[in-house]
Amino acid sequence: MHPTKDIYLIRHGETDYNRMGVVQGSGIDAHLNELGRRQAQAFFDHYGDLAIDKIYTSELIRTHQSVDGFIRKGIAWERHAGLNEISWGSKEGKSPNTDDDLYYKNLTRTWREGNIHVPSDEGESPVQVLERQKPVVDLILSRPEEQAILIAMHGRAMRVLLTYLFEQPLKKMDDFAHSNLCLYHLQYSYPDRAFKLIKGPLTEHLRHLPDSM
């Protein structure tokens, strides 16, 4: 068994919903916009020579499109609903307004205060998101022969996942920054049963795309 596993974890590229400041959550299956497709291509141009053994994405198309270059290389690919974005429930897909902005501000503050079981209206709590992520993590770690993997997922879900992998309290999820098509490089040690951060979040592959920074 190889003693370590490299994990390249990215957030999907930009969608029109991102550009407009509208939450998508798991209920809006939006495609990448033109900038998002350019971000995906820039990421592939920069990292396409990595020896990736498996691709893992959520079931939402914006993650598939973000790693399309790797998929077209013929790398094995799996989709898991456990990697989907948090469900924002009744708030998904709505144009931003003052009331909703205040709602999100209050809800995320509630989570930072430690009330991580509180769900969004008709949606999920951070704890619920983590519980569906854990089986995917277990599956990934059960495959030590996959020495390097690429995971494409979503902003809030990524923050939840990183707290779990680094054994941090879930209420600290906002400590992990992200932007469209940013990269975290992690490494898992099988002997130590622990993850460590190698680099990230990285965005240098996007520097020639001024609109994305």
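This report describes the overall form of a predicted protein model, one helix pair and several individual residues.

## Overall architecture

The predicted model contains 7 helices and 6 strands. Read from the N terminus, its elements follow the order β-α-α-β-α-α-β-α-α-β-α-β-β.

The chain has 213 residues, for which a compact globule would be expected to have a radius of gyration near 17 Å; the value for the protein is 17 Å, in agreement with that expectation. Along the principal axes, the C-alpha atoms occupy a box of roughly 50 × 40 × 25 Å. Buried residues make up 54% of the 213. When contacts between residues at least 6 apart in sequence are considered, 67% of them link residues at least 24 apart.

## Packing of helix 6 against helix 7

Helix 6 spans residues 126-141 and helix 7 spans residues 155-165; their axes come within 10 Å and cross at roughly 65°. Because of this angle, helix 6 is roughly perpendicular to helix 7. The crossing of the two helices is right-handed.

On the side of helix 6, the contact involves P126, V129, L130, Q133, K134 and V137, and these meet A157, V160, L161, Y164 and L165 of helix 7. By residue class, the contact between helix 6 and helix 7 comprises 9 nonpolar, 1 polar and 1 charged. The spacing of such positions can be read against a general rule: an α-helix has 3.6 residues a turn, so residues three or four places apart point the same way.

## Burial of helix 7

Helix 7 is mostly covered, with 10 of its 11 residues buried. The buried residues of helix 7 are G155, R156, A157, M158, R159, V160, L161, L162, T163 and L165. Among them, A157, V160, L161 and L165 also take part in the contact with helix 6.

Just after helix 7 comes E167, which has a positive phi of about 55°. E167 belongs to the loop between helix 7 and strand 5. With a relative accessibility of 66%, E167 counts as exposed.

## L186 in strand 5

L186 lies in strand 5, which covers residues 183-189. Its relative accessibility is 0%, so L186 counts as buried. Apart from neighbours within four places in sequence, L186 is in contact with K5, D6, I7, L9, L162, L165, F166, K196, L197 and I198. Two of these partners, L162 and L165, are also buried residues of helix 7.

A further distance relates strand 5 to helix 6: the C-alpha atoms of L186 and V137 are 13 Å apart, while the two residues are separated by 49 residues along the chain. V137 is one of the helix 6 residues that meet helix 7.

## D174 and its contacts

D174 is located in the loop between helix 7 and strand 5. It is partly exposed, with a relative accessible area of 23%. Once neighbours within four places in sequence are set aside, D174 is in contact with T108, R112, R156 and R159. Of these partners, R156 and R159 are buried residues of helix 7.

D174 and R112 are 62 residues apart in sequence, and their C-alpha atoms are 7.7 Å apart in space.

## Backbone geometry

Most residues other than glycine have a negative phi, and most peptide bonds are trans. Against that background, E122 has a positive phi of about 65° although it is not a glycine. E122 sits in the loop between helix 5 (98-112) and helix 6, and its relative accessible area of 68% makes E122 exposed. E167 is likewise a residue other than glycine with a positive phi, near 55°.

A cis peptide bond connects G200 and P201, with omega about 0°. P201 is part of strand 6, which runs over residues 194-202.

## R19 in helix 1

R19 belongs to helix 1, residues 16-20. With a relative accessible area of 48%, R19 is partly exposed. The C-alpha atoms of R19 and G36 are separated by 10.0 Å, and the two residues are 17 residues apart along the chain.

Key: Residues numbered from 1 in each chain as written. Predicted model: local features only at pLDDT ≥ 70, side-chain atom pairs only at ≥ 80, totals over all residues. Heavy atoms only, no water. Axes fitted to C-alpha atoms, helices over the stretch in contact; angles between N-to-C directions. Helix = DSSP H or I, 4+ residues; strand = E, 2+ residues; numbered from the N terminus. Parallel < 35°, antiparallel > 145°, perpendicular 65-115°, else oblique. Left-handed = near helix turned anticlockwise from the far one by under 90°. Contact = heavy atoms within 4.5 Å. Nonpolar A, V, L, I, M, F, W, Y, C, P; charged D, E, K, R; others polar. Rg over C-alpha atoms; globule rule 2.2 N^0.38 Å. Buried < 20%, exposed > 50% of the residue type's maximum accessible area, 1.4 Å probe, protein only.
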